[in-house]
Amino acid sequence: MGDVVSSTVRSRMMSGIKGKNTKPEIIVRKALYRKGFRYRIHQSKLAGKPDIVLNKYKTVIFTHGCFWHGHECHIFKWPKSNVNFWTQKIIGNRKRDQKNIAHLLNDGWNVIVIWECALRGKREDAISKLISEIASEIRIQKSGAVISHAG
Ligand SMILES: [Zn+2]
């Protein structure tokens, strides 16, 4: 898989975080790869189809968009039109996330949730720090725990 990137591409990637092009999922994936982690992506047989699956560490990682997953943070705003539709949709997504996470924990997975606001608009050093934290959380493998990172 094309996870090895040149430093030019990487710096473009990191500076792109403020823009719209680089999805948090990709940033996390590439950074973990550079730290030597190997993983599978979008394992559909697991609840919620986690973005990153580290079998060796029995850990899954979700990168959640703050709007879609209803994270009440500075990024999230309840839409002003189609209010009923969006309220149902977002609350439904939240419930589904909780159910999926409960299911994974029950199966003995460790779950790490990285919210979009933990990465979006952050400086490169802040992102490296976050990735290092996540790397040690993966290695520690807090059994059956869910760890959440938000901005
Ligand atoms: Zn958020």
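So, surface first: the chain exposes about 8,800 Å², and carbon and sulfur atoms supply 50% of that. Keep in mind as I go that this is a predicted model. On the inside, buried residues make up 42% of the 151 residues in the chain.

Okay, the fold. We've got four helices and five strands, and if you walk along the sequence the order is α-α-β-β-β-α-β-α-β. Now look at the contacts between residues at least 6 apart in sequence: 61% of them join residues at least 24 apart.

Let's go to the metal. Which residues hold the zinc ion? The ligands are Cys66, Cys73 and Cys117, each through SG, plus His71 through ND1, at 2.1 to 2.4 Å. If you like to see that as a sequence pattern, the donors are spaced C-x4-H-x1-C-x43-C. And the geometry: the four donor atoms subtend angles of 104 to 115° around the zinc ion, so the arrangement is tetrahedral.

Where do those donors come from? Take two of them. His71 sits in the loop between strand 3 (59-64) and helix 3 (83-106), while Cys117 sits in the loop between strand 4 (110-115) and helix 4 (124-140), so this pair ties together parts that are 46 residues apart in sequence. Are these two buried or exposed? His71 has a relative accessible area of 16%, and with the cut-off for buried set at under 20%, His71 is buried. Cys117 is buried as well, at 1% relative accessibility.

Now the nonpolar interior. The largest nonpolar core has 20 residues, and the members that touch the most others are Leu32, Leu54, Ile61, Ile114, Ile134 and Ile138. Who feeds residues into this core? Helix 2 (24-34), strand 2 (52-54), strand 4 and helix 4 each put in at least two. Helix 4 gives the most, with six residues. Apart from this one there's another core, of 16 residues, and among its members are Cys66, Leu104, Val111 and Cys117. You've already met two of those names: Cys66 and Cys117 are also zinc donors.

Let me zoom in on a couple of residues in the largest core. Ile61 is in strand 3 and is buried, at 0% relative accessibility. What does Ile61 touch, leaving out residues up to four places away in sequence? The list is Leu32, Pro50, Asp51, Ile52, Leu54, Ile112, Ile114, Ile134 and Ile138. Pro50 on that list is 11 residues away from Ile61 along the chain, and their C-alpha atoms are separated by 6.0 Å.

Then Leu32. With the same neighbours left out, meaning residues up to four places away, Leu32 touches Phe37, Tyr39, Ile52, Ile61, Ile131, Ile134 and Ile138. So if you click on Ile61 and Leu32 in the viewer, you'll find them touching one another.

While we're on helix 2, have a look at what else is tucked away there. The buried residues in this helix are Glu25, Ile27, Val28, Arg29, Lys30, Ala31 and Leu32. You'll spot charged side chains in that list, and Glu25 is the one I'd like to show you. Glu25 lies in helix 2 and is buried, with a relative accessible area of 7%. What does the side chain of Glu25 pair with? The side chain of Arg29, through a polar contact of 2.8 Å. Beyond the neighbours within four places in sequence, Glu25 is also in contact with His42, Asp51 and Thr63.

Last stop, the backbone. Just after helix 2, Gly36 takes a positive phi of about 95°. Two residues that aren't glycine have positive phi too. One is Lys49, with phi near 45°, in the loop between strand 1 (40-41) and strand 2. The other is Lys58, at about 50°, in the loop between strand 2 and strand 3. How accessible are these two lysines? Lys49 is partly exposed, with a relative accessible area of 45%, and Lys58 is partly exposed at 32%.

To recap: a tetrahedral zinc site, a nonpolar core of 20 residues with another of 16 apart from it, and a buried Glu25 in helix 2.

Conventions
Residues are numbered from 1 along each chain as its sequence is written. This is a predicted model: local features need pLDDT of at least 70, side-chain atom pairs count only at pLDDT 80 or more; totals for chains, interfaces and linings use all residues. Side-chain values use heavy atoms; hydrogens and water are left out. Buried means under 20% relative accessible area, exposed over 50%, partly exposed in between (1.4 Å probe, protein chains only). Contact means heavy atoms within 4.5 Å. Accessible areas come from the Shrake-Rupley method with a 1.4 Å probe; for residues, only the protein chains shown count as cover. Donors are N, O and S atoms within 2.8 Å of the metal (3.2 Å for Na, K and Ca); water is not among the atoms, so sites may look incomplete. Four donors count as tetrahedral if all angles lie between 85 and 135 degrees; four count as square planar and six as octahedral if opposite donors are over 155 degrees apart and all others between 65 and 115; anything else is irregular. A nonpolar core is a set of buried Ala, Val, Leu, Ile, Met, Phe, Trp, Tyr and Cys residues joined through side-chain atoms within 4.5 Å. A polar contact is a pair of N or O atoms within 3.5 Å; within protein, one must be able to donate a hydrogen and the other to accept it, and residues adjacent in sequence count only if both atoms are side-chain atoms.
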